[in-house]
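Grab a viewer and work through a couple of exercises with me. Try each task before you read its solution.

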Amino acid sequence: MNKVELSSKDTLFRNLPGIDALLQAMPYEVSRWGHEQVTSVCRGMIEELRDQIAAGAEPDLDVVGICAQVQQRLLLDDEASLRPVLNLTGTVLHTNLGRASLPREALDAVVTVAGQPSNLEFDLDAGKRGDRESHVESLVCELTGAEAATAVNNNAAAVLLVLNTLAMNREVPVSRGELVEIGGSFRIPEVMQRANCTLVEVGATNRTHLKDYRSAINDDTALLMKVHASNYRVEGFTAEVSERELAELAREHGLPLVTDLGSGSLVDFAALGLPAEPTAAEMIANGADLITFSGDKLLGGPQSGLIAGRKDLVEQIKKNPLKRALRLDKMTLAALAEVLKLYRNPAALLEKLPTLRQLTRNSEDIRTQAQNLREPVAKAIGSSFAVEVIDCHSQIGSGALPVETLPSACLCISPIDGIDATLRELAARLRQLPVPVIGRVQKGSLWLDLRCLEQDATLLAQLELLGS
Ligand SMILES: *Cc1c(COP(=O)(O)O)cnc(C)c1O
């Protein structure tokens, strides 16, 4: 190292602006983010510049330039980690993308109760403590035909709470064909263990008969349980015992029949042209003493788990100390009540509830939408990719009716060079957009299923930012 280099480094070090000078140049930032935060980002910047100079670089030390970078970092740090994305995966109820989108009525109700006190647990007539579930219980009863109902954090919590309340230290027979796993972290045998009850496996994987349940019943049996296979199907040489038969057997022995419905629809899916799914009301009518189902799967509401059925059993569940740990907050209760209310008017339901609106979109409409979008999308993505409209199949998602698909249409984007890395790079750029665009990579192409795209402009506005 010669002397000239040394002295130019010294000059650079000497020209580094002080923290105070930077702060003085950013009064707006200081008032918005606070003195401490801005100081800390400035300090980090100066440190980095010092390191660069020490390594022999000659960075720009202009105060305005440094302030611009500080501002950029402050904005970046301030960005919400949890933000909206465009779900073009073709899976309507995508657990990783937040499942059901709430209707306007529910969003308004959330905002209303979130920012001010409410009668959450206050009986306005009696002027004393009330029940937070009063806001949804009668609606659930009205829509399912159940005598009583309660609501918890999700369906996993509902199953756990029911088992822990009614079967602690006792036995629960379940068919070997129904020992389901949902998304890896929820498995019936493990939930049983955590609920402190003993799983008694009955029947075989493909066939379970009434006599299998009958021979499993003894003095330690707490209840009979049926789990709805919502994310797989046993096909071929199969047999399962219907709810009606099982309900009769349960009654003979004075045991409750509990059915975990999983998705739990409140309307007849077949009548909507969708794959058939048992409704909550059917299950109650078929003799289930308690049913459990999710609030954010086919129901289309907020994350929650519903328990409905016999009043004496629901009363016991409400008294379990675990209930307090699993209860719903006011925002979820407000949203759930609004979603349930929409079910009172089936004629307007499909239009108002995003989940059902998207599930029932017909493939012709989606194909027309794809044809209209093809050209502007191709233009925005650039000449390295070919964009075609092709037919595809959407999934309902969240383990709801997984073996059934819905005919749909998508924009199929393929790299002209046929190189996988080119496609992955595009998929990554789409995920980096302010409103990330999430598709699915299939057969060497990126498929954008348009079933859940309700406004074309939302997608185009994002794609326009790709070049910048
Ligand atoms: C989805 C599902 C659950 C879990 O419900 P969450 O609301 O996701 O907690 C439990 N049982 C069955 C059969 C399911 O399909």
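The exercises below deal with a ligand site and a strand in a predicted model.

**Exercise 1.** Work out which residues surround the ligand and sort them by class.

*Solution.* Start by listing the shell: R99, N154, N155, A156, I182, F186, H228, S230, D260, G262, S294 and K297. Sorted by class, that gives three nonpolar, six polar and three charged residues.

Next, look at the ligand's oxygen atoms. R99 puts a polar side-chain atom 2.9 Å from one oxygen atom of the ligand, and K297 likewise has a polar side-chain atom 2.9 Å from a ligand oxygen atom. With A156, a backbone N or O atom sits 2.9 Å from an oxygen atom of the ligand. Now check the cover: on its own the ligand has 380 Å² of accessible area, and the protein covers 95% of it. Finally, the elements giving two or more residues to the shell are α8 (155–167) and β10 (257–262).

**Exercise 2.** Decide whether strand β11 (residues 290–294) is enclosed or open, and find its pairing partners.

*Solution.* Take burial to mean under 20% relative accessible area. Five of the five residues of β11 pass, so the strand is largely enclosed by the rest of the structure. Split by face, L290, T292 and S294 are buried on one side, and I291 and F293 on the other.

Now the partners. β10 runs parallel to β11 over four bridges, with V258 bridging to L290. Between these strands the chain passes through helix α12 (residues 280–285), a right-handed β-α-β crossover. Strand β12 (residues 305–309) pairs with β11 in the antiparallel sense over five bridges; there, F293 has L306 as its bridge partner.

How values were computed:
Residues are numbered from 1 along each chain as its sequence is written. This is a predicted model: local features need pLDDT of at least 70, side-chain atom pairs count only at pLDDT 80 or more; totals for chains, interfaces and linings use all residues. Side-chain values use heavy atoms; hydrogens and water are left out. A residue is near a molecule or strand if one of its heavy atoms lies within 4 Å of it. A polar contact is a pair of N or O atoms within 3.5 Å; within protein, one must be able to donate a hydrogen and the other to accept it, and residues adjacent in sequence count only if both atoms are side-chain atoms. Accessible areas come from the Shrake-Rupley method with a 1.4 Å probe; for residues, only the protein chains shown count as cover. Ala, Val, Leu, Ile, Met, Phe, Trp, Tyr, Cys and Pro count as nonpolar, Asp, Glu, Lys and Arg as charged, and the others, Gly among them, as polar. Buried means under 20% relative accessible area, exposed over 50%, partly exposed in between (1.4 Å probe, protein chains only). Two strands pair if DSSP finds at least two bridges between them. A crossover is right-handed if, with the strands pointing away from the viewer, the path from the first strand over the helix to the second runs clockwise.
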